Amino acid sequence: MDTVAPANKRKHVRIEGSWPVVILTAHGAFVAETNNVTTQGAYIVCDKPLPSKTELRLFIMFPNSRYVEILAKVVWAYPYGSDIDNTPCGMGIRFTRVTDADREFISSLASGHLKSDYHKRSTSI
């Protein structure tokens, strides 16, 4: 019997962190924050998650003025959040285009070099 928790079966390490993110779509822009990031995608906390398959460009703002620009697509939306497991409303996105250098930078976050002090909730612009 397999007793490994589902979270431990993930292929990519999730880096927990609340970093500001600017999201650009064909219909406008808004500011949100990450909940966690991998080299392949992220969970974005926002009041109004975008529909599945929405294509977007995002800029994740890391400490020390470092940001990464990534093309991505919404994989799923979680519009109501959950009080049971404290999951905020938001959306899961998959990166569709990210440079090797930025992917390596994101991967380096797993080693704990950058910690997030940003705890502000999303706002529209």
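A nonpolar core is a set of buried Ala, Val, Leu, Ile, Met, Phe, Trp, Tyr and Cys residues joined through side-chain atoms within 4.5 Å. Keep that in mind as you open this predicted model, and let us walk through it together.

**Stop 1: colour by confidence**

Start by colouring the chain by pLDDT. The average is 81, and 78% of the residues score at least 70. Now select residues 1–9, where the pLDDT is below 50 and the model shows three contacts beyond near neighbours in sequence. Then select residues 114–125: the pLDDT is below 50 here too, and this stretch has 31 contacts beyond near neighbours in sequence.

**Stop 2: the core**

Next, select Ile23, Leu58, Ile60, Met91, Ile93 and Phe95. These are the residues with the most contacts inside the largest nonpolar core, a set of 26 residues. To see which parts of the fold feed this core, show β2 (20–25), β3 (28–37), β4 (41–45), β5 (55–62), β6 (66–78), β7 (90–97) and α1 (100–109); each gives two or more residues to it. As background, nonpolar side chains in soluble globular proteins tend to be buried together.

Zoom in on Ile23. Which residues does it touch, leaving aside those up to four places away in sequence? You should find Gly28, Ala29, Phe30, Ala32, Ile44, Leu50, Leu56, Arg57, Leu58 and Met91. Two of these neighbours, Leu58 and Met91, are also among the core residues you have just selected.

**Stop 3: from β5 to β6**

Now switch to charged side chains. The model holds three salt bridges. For one of them, select Lys73 and Glu55, whose closest N and O atoms are 3.8 Å apart. The pair joins strand β6, home of Lys73, to strand β5, home of Glu55, across 18 residues of sequence. Is each partner buried or exposed? Lys73 is partly exposed, with a relative accessible area of 24%, whereas Glu55 is exposed at 57%.

Stay on these strands and select Arg57, which you met as a contact of Ile23. Arg57 forms a salt bridge with Glu69, with 2.4 Å between the closest N and O atoms. Again strand β5 is linked to strand β6, with Arg57 and Glu69 twelve residues apart. Both ends are partly exposed: Arg57 has a relative accessible area of 31%, and Glu69 has 34%.

**Stop 4: helix α1 meets strand β6**

Move to Asp102 and Arg66, a salt bridge with closest N and O atoms 2.8 Å apart. Asp102 sits in helix α1 and Arg66 in strand β6, 36 residues apart. Here Asp102 counts as buried because its relative accessibility is 12%, under the 20% limit. Arg66, at 29%, is partly exposed.

Keep Arg66 selected and add Phe105: Arg66 lies over the face of this ring, 4.0 Å from the ring centre.

**Stop 5: the aromatic cluster**

Phe105 leads on to the rings. Four aromatic pairs turn up in the whole structure. In one of them, Phe62 and Phe105 meet edge-to-face, with 5.2 Å between centres and 70 degrees between planes. Phe62 belongs to strand β5 and Phe105 to helix α1, so the pair ties together parts that lie 43 residues apart in sequence. Both count as buried, Phe62 at 5% relative accessibility and Phe105 at 16%.

To finish, add Trp19 to the selection: ring pairs link Trp19, Phe62 and Phe105 into a cluster.

Terms used:
Residues numbered from 1 in each chain as written. Predicted model: local features only at pLDDT ≥ 70, side-chain atom pairs only at ≥ 80, totals over all residues. Heavy atoms only, no water. Buried < 20%, exposed > 50% of the residue type's maximum accessible area, 1.4 Å probe, protein only. Helix = DSSP H or I, 4+ residues; strand = E, 2+ residues; numbered from the N terminus. Contact = heavy atoms within 4.5 Å. Salt bridge = Lys/Arg side-chain N within 4 Å of Asp/Glu carboxyl O. Phe/Tyr/Trp six-rings, centres within 6.5 Å; stacked < 30°, edge-to-face > 60°. Lys NZ or Arg CZ within 6 Å of the ring centre and 35° of its normal. pLDDT = per-residue confidence, 0-100.
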